[in-house]
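Colleague: I'm new to this one, and I'd like a close look at a single part rather than a tour of everything. Could you pick a spot and tell me who sits beside whom?

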Amino acid sequence: MSTTGAAADPLAALGSLPGVPESVESVRKAVDRVYGHRVMRRRSNEITSEAALRGARGSAALSGADWALEEVRRRTDFSGDDEARVMGASLRLTAEAGQLLSIWRQSPLRVLARLHLVAAADKDDRVGRPRQEGEPVDEPLVELPLPSAAEVHGRLEGLSGLIIAGGSAPALVTAAVVHGELLALRPFTSHNGLIARTAERVVLVGSGLDPKSVCAAEVGHAELGRAAYLAALEGYVSGTPEGMAAWIAHCGKAVELGARESTAVCEALQRGAA
């Protein structure tokens, strides 16, 4: 993670990069739009549940399990093959995220370890802790250079410190940095993409931007496509102001698309079609 200068609140400094304030404002308007829908006032639990399912599907698609939504609804066994296991892990993480909101601000590293345990769902001794030197990482869809275990440890501690300290950065900026940093580091031996996107959701919900978890950024990331996602991630990893701003804007667009998806669900419920 790179910042533009030695500001006391480096995440807030990122919020002032060119184009980022506009992204933050656009996201806020999109969120307000779905929260202002009349269906949200009466049936918000249904919208939350639907957003969770669609978000899990979107996140799994970016990790190689691109299933139709109806197939996700229909299936009950997610243990049959690699794609099914990815989908099962994504669904478990989405369900778990809401249980970890109160812990995140006090102990983000504990939350990340828990997310890896939930995603991996096995008793391998590499599960639930950051990888050690020499341990392989199963993340074939992200081909960026892999940081050393020592660098991972230091940067995770730095990220944790920023989250615990809080600050004035917009929720979108914090969520984008958490997401980008976890994808860049790939701190676990598996499931890093799924965990990074779940952590982004935890920040967006826990910050109060999307308290009912109806603006699933994972939906938007999937809709924007894997190529655009990885290109934006390269911008984050570059550490340049332009690259960081482009990544934050990409994450903002994903949140907007997630909000749009839930607005469409509200409209369908209002028409009695869902």
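Modeller: Sure, and one definition to start with: two residues touch, or are in contact, when they have heavy atoms within 4.5 Å of each other. Bear in mind, too, that this is a predicted model.

Let's start from His250, which is found in helix H13. Leaving out residues up to four places away in sequence, His250 touches His221, Leu224, Ala228, Tyr229 and Ala232. Is His250 buried or exposed? Its relative accessible area is 11%, and buried means under 20%, so His250 counts as buried.

Keep Tyr229 from that list in mind, and we can move on to the rings. The structure has three aromatic pairs. In one of them, the ring centres of Tyr229 and Trp247 are 6.0 Å apart and the planes make an angle of 50 degrees. Planes under 30 degrees apart would be stacked and over 60 edge-to-face, so this pair falls into the tilted class. The two partners come from distant parts of the chain: Tyr229 belongs to helix H12 (residues 226-238) and Trp247 to helix H13 (residues 241-271), with 18 residues of separation. Tyr236 comes in as well, since ring pairs join Tyr229, Tyr236 and Trp247 into a cluster. As for burial, Tyr229 has a relative accessible area of 2%, so it counts as buried. Trp247 is buried too, at 0%.

Next to look at is His179, which is found in helix H9. What does His179 touch once its neighbours within four places in sequence are set aside? Its contacts are Ala196, Arg197, Glu200, His221, Tyr229, Trp247 and Cys251. So Tyr229 and Trp247, the two rings of the tilted pair, are both on the list of His179. His221 and Tyr229 are also on the list of His250. His179 has a relative accessible area of 0%, which makes it buried. Not every residue of that stretch of sequence is a neighbour, mind you: the C-alpha atoms of His179 and Cys266 are 28 Å apart in space, with their positions 87 residues apart in sequence.

Helix H9 also holds Glu181. At a relative accessibility of 1%, Glu181 counts as buried even though glutamate is a charged residue. Its C-alpha atom is 8.1 Å from that of Val237, although the two are 56 residues apart along the chain.

Now for two of the residues that His179 touches, Arg197 and Glu200. They belong to H10, where Arg197, Glu200, Arg201 and Leu204 meet Ala217, Glu218 and His221 of H11. That contact is made up of two nonpolar residues, one polar and four charged. How do the two helices lie relative to each other? The axes of H10 (residues 192-206) and H11 (residues 217-224) come within 9 Å and cross at roughly 135 degrees. That angle is not over 145, the mark for roughly antiparallel, and it lies outside 65 to 115, so H10 and H11 are oblique to each other. His221 is worth a click in your viewer: it is part of the H11 side of this contact, and both His250 and His179 touch it.

Leading into H10 is a loop from helix H9 (171-185), and His191 lies in that loop. Its phi is near 60 degrees, a positive value in a residue other than glycine. Why remark on that? Most residues other than glycine have a negative phi. His191 is partly exposed, with a relative accessible area of 22%.

One more residue ties in with H10, so let me add Trp104, which has its place in helix H6 (residues 101-104). Not counting residues up to four places away, Trp104 touches Val111, Leu112, Ile163, Val178, Ala199, Val202 and Val203. With a relative accessible area of 5%, Trp104 is buried as well.

To retrace the path, begin at His250 and step to Tyr229 and His221, both of which it touches. From Tyr229, go across to Trp247, its partner in the tilted pair. Then find His179, which is in contact with both rings and with His221. Finish at the place where H10 and H11 meet, with His221 on the H11 side.

Key
Residues are numbered from 1 along each chain as its sequence is written. This is a predicted model: local features need pLDDT of at least 70, side-chain atom pairs count only at pLDDT 80 or more; totals for chains, interfaces and linings use all residues. Side-chain values use heavy atoms; hydrogens and water are left out. Rings of Phe, Tyr and Trp (its six-membered ring) pair if their centres lie within 6.5 Å; planes under 30 degrees apart count as stacked, over 60 as edge-to-face and the rest as tilted. Helices (H or I, at least four residues) and strands (E, at least two) are DSSP runs, numbered from the N terminus. Buried means under 20% relative accessible area, exposed over 50%, partly exposed in between (1.4 Å probe, protein chains only). Axes are lines fitted to C-alpha atoms, for helices over the stretch in contact, and angles run from 0 to 180 degrees between N-to-C directions. Angles under 35 degrees count as roughly parallel, over 145 as roughly antiparallel, 65 to 115 as roughly perpendicular and the rest as oblique.
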